Amino acid sequence: MTDPEQLPWRVERRLVDLGMPAHLEVCPQPSGNLPNVRCVLPKPATGPLSLVLRVHSRAGIPLAQAFIDLKPGDRSFETPLALMSMEGYRHLSQRARQDVERRVWSRRAFATGSVT
Amino acid sequence: MLRPLAKAAVYNVARHTPHLRPRPLNLTFSVTYVCNARCKTCNVWKKRVDDLTLPEYRRIFDAIGSSLYWATFSGGEPFIRPDLIDIVLACYDRCRPSIITIPTNGLLRTEIVEGVARLSRLAPDAKIIINFSLDGIGPRHDELRGVPGNYERMRETYKELKAAGHPNVTVGIHSVVSQFNVTEIPALREHVRREFVPDSFITEIAEERLELDTIGCEITPTADAYRAVVDDLVADIDATPAAGLPALVQAFRREYYEVAHRTMVEQRQVLPCYAGLASAQVAPNGDVWTCCIRAESMGNLRETGFDFLKVWSSTRADELRGSIRRGECHCPLANAAYSSMMSDPSSMVRVGWRWITRQLFRPNRLRTASPLQPPAPAASSEAVR
């Protein structure tokens, strides 16, 4: 069994101060869907927190994103991701869409997190 | 030129003042994803959305008002829309842009030649720039564009439009530098200079963009290969006489080519990006993007009653601007880069210095000419670089 993929996670200062880890865990999903990403917090969230998580290419282009709402006491979160700019592909079959998603996802390099 | 420079200072302040959101100077309207070419560097033709209609565009232009200096109408192939010129004229009537740019693959000869004639006549106060795409010489262009006979058809359209001699129309050539043609660009530049004699020649690097669905496609040349192109283009700029405004345009382009290469090498936002502030893009379905590279929606105009300012001042728009300001992305997108250079004091100092030194040390044959006198036809390829 291989170790789960780790995605470098750069967060803004306010999240650094909360002790956010430097990596997210990539959690593969069945049936060809995009993976989820999971984060284990070093200490429980002390208050409500809304943040946007983006997965970027090496060139910094955001490829996918998720909006996360943490409640006081949360010790982790796992979230599905939505690829950017897929609205033009509603006419494609699910399989064809997944081909596009896989190609885009292949460019993942790092994630960023910022408070909304 | 003075209007954008005056506004540039406002954008510079706004970039550091999150709640200050001046209207954009430079907007690109992608009017359709439909395209009659099948370029190796673009998959946009595979996308389908419900394009904004002419009445919807009119409402959008009403909301934007007269802040625009530069409006670009892109696609897909923009001339594939039968109402393209009506859309552009609606923008001209309501927003009064000084510069209107339309890129085209040149395949729809009648639509382009007749459409631009009408646009030139009905938008006399705008400088209209029609940029024809050319990525290779002859059959090589056809191969890269996926359309047999594209080169000849584009050339016929180009020649006919150029011959029309519309006083407010600039007819240019635009080349995409990709991993497929990066070694051919110097020869292509010479070919363009000799065979087309365009009013302007611009190149842009093929990059992975969400808009064009080229993420994960191997289209971008290596930084080393692109360096050779930049060296060739810069050497050509330096060797070509220019004065006045053309020299200023050249100084901007020289700066852009260096910024594009440095961005590739250093993999960071070398030039502070003003996308989402000074520039933005409206997608065919009404989504407002900071830029076509990120293609992240600030909001949808259809969903907000076509109220551009509501989208522009939304929390989501502020959040995207913050991401750009923090340097979370970087790219060499030309359209946004020119607005960013104008808003960036250090870039303007470099551009200004190059421009001034060219006035002082330009080649003898232009030394007697007025600084604002356009170059002679043979040298009008001054903009070819």
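In S6(A), Val37(A) finds its bridge partner in Thr79(A). That pair belongs to a set of 4 bridges that join strand S3 (residues 36-40) of chain A to S6(A), and the two strands run antiparallel. Like everything described here, this comes from a predicted model. Strands of a sheet pair through backbone hydrogen bonds, either parallel or antiparallel. Zooming out, the sheet of chain A is an open one with 8 strands, in the order S6-S3-S2-S1-S8-S4-S5-S7, and its pairing is mixed. Strand S6 (76-79) and strand S7 (82-83) of chain A sit at the edges with a single partner strand each, so one side of each has no neighbour in the sheet.

Chain B has an open sheet too, built from 9 strands in the order S6-S5-S4-S3-S2-S1-S7-S8-S9, again with mixed pairing. Here S6 and S9 of chain B take the edge places, and because each has a single partner strand, one side of each is left without a neighbour in the sheet. On average, neighbouring strands of this sheet are turned by 25 degrees against each other, direction ignored. Strand S1 (residues 26-30) of chain B and strand S7 (residues 279-282) of chain B run parallel and are joined by 4 bridges. One of the pairings matches Phe29(B) with Val282(B) in S7(B).

Over at the S6 end, strand S5 (residues 169-177) of chain B is linked to S6(B) by 6 bridges, and these two strands run parallel. Ile173(B) stands opposite Phe201(B) in S6(B). Is S6(B) enclosed or left open by the rest of the structure? Of the 6 residues of strand S6 (residues 200-205) of chain B, 5 are buried, so the strand is largely enclosed by the rest of the structure. Part of the surroundings is a helix: H7(B) lies across S5 and S6 of chain B, running at about 160 degrees to S5(B).

That helix also has a helical companion. Two packed helices are described by the angle between their axes and the distance between the axes. For helix H7 (residues 185-196) and helix H8 (residues 223-239) of chain B, the axes come within 9 Å and cross at roughly 30 degrees. With the cut-off for roughly parallel set at angles under 35 degrees, that makes H7(B) roughly parallel to H8(B). On the H7(B) side the contact is made by Ile185(B), Pro186(B) and Arg189(B), and on the H8(B) side by Val229(B), Asp232(B) and Asp236(B). Sorted by class, the residues of this contact come out as 3 nonpolar, no polar and 3 charged.

Next comes the inside. In soluble globular proteins, nonpolar side chains tend to be buried together. The largest nonpolar core in this model holds 139 residues, and the members touching the most others are Ala71(B), Val88(B), Ile128(B) and Ile130(B). Helix H9 (residues 244-266) of chain B supplies the largest share of this core, with 9 residues. What does Ala71(B) touch, leaving aside its neighbours within four places in sequence? The list is Leu27(B), Phe29(B), Cys91(B), Cys95(B), Pro97(B) and Ile100(B). Phe29(B), then, turns up both as a contact of Ala71(B) and as the bridge partner of Val282(B).

A few loops of chain B have backbone quirks. Gly76(B) lies in the loop between strand S2 (70-74) and helix H3 (84-95), and the peptide bond leading to it from Gly75(B) is cis, with omega near 20 degrees. Arg96(B), in the loop between H3 and strand S3 (99-104) of chain B, has a positive phi of about 50 degrees although it is not a glycine. Ala295(B) also has a positive phi of about 50 degrees without being a glycine, and its place is the loop between strand S8 (287-289) and strand S9 (297-300) of chain B. Are these two buried or partly exposed? Arg96(B) is partly exposed, with 17 other C-beta atoms within 10 Å, whereas Ala295(B) counts as buried, because it has 24 C-beta neighbours inside 10 Å.

Another loop, between helix H1 (2-15) and S1 of chain B, holds Arg21(B). This residue is partly exposed. Arg21(B) and Ala317(B) are 296 residues apart in sequence, yet 9.7 Å apart in space, C-alpha to C-alpha. Beyond residues up to four places away in sequence, Arg21(B) touches Ala14(B), Trp312(B) and Ser313(B).

Finally, the two chains meet: 24 residues of chain B are in contact with 24 residues of chain A. The chain B side of this meeting has 8 nonpolar, 6 polar and 10 charged residues.

Note on methods. Residues are numbered from 1 along each chain as its sequence is written. Chains are lettered from A and ligands numbered from 1 in the order in which they are written. This is a predicted model: local features need pLDDT of at least 70, side-chain atom pairs count only at pLDDT 80 or more; totals for chains, interfaces and linings use all residues. Axes are lines fitted to C-alpha atoms, for helices over the stretch in contact, and angles run from 0 to 180 degrees between N-to-C directions. Angles under 35 degrees count as roughly parallel, over 145 as roughly antiparallel, 65 to 115 as roughly perpendicular and the rest as oblique. Two residues are in contact if their C-beta atoms, placed from the backbone, lie within 7 Å. Ala, Val, Leu, Ile, Met, Phe, Trp, Tyr, Cys and Pro count as nonpolar, Asp, Glu, Lys and Arg as charged, and the others, Gly among them, as polar. A nonpolar core is a set of buried Ala, Val, Leu, Ile, Met, Phe, Trp, Tyr and Cys residues joined through C-beta atoms within 7 Å. A residue is buried if 20 or more other C-beta atoms lie within 10 Å of its own, exposed if 12 or fewer, and partly exposed in between; C-beta atoms are placed from the backbone. Two strands pair if DSSP finds at least two bridges between them.
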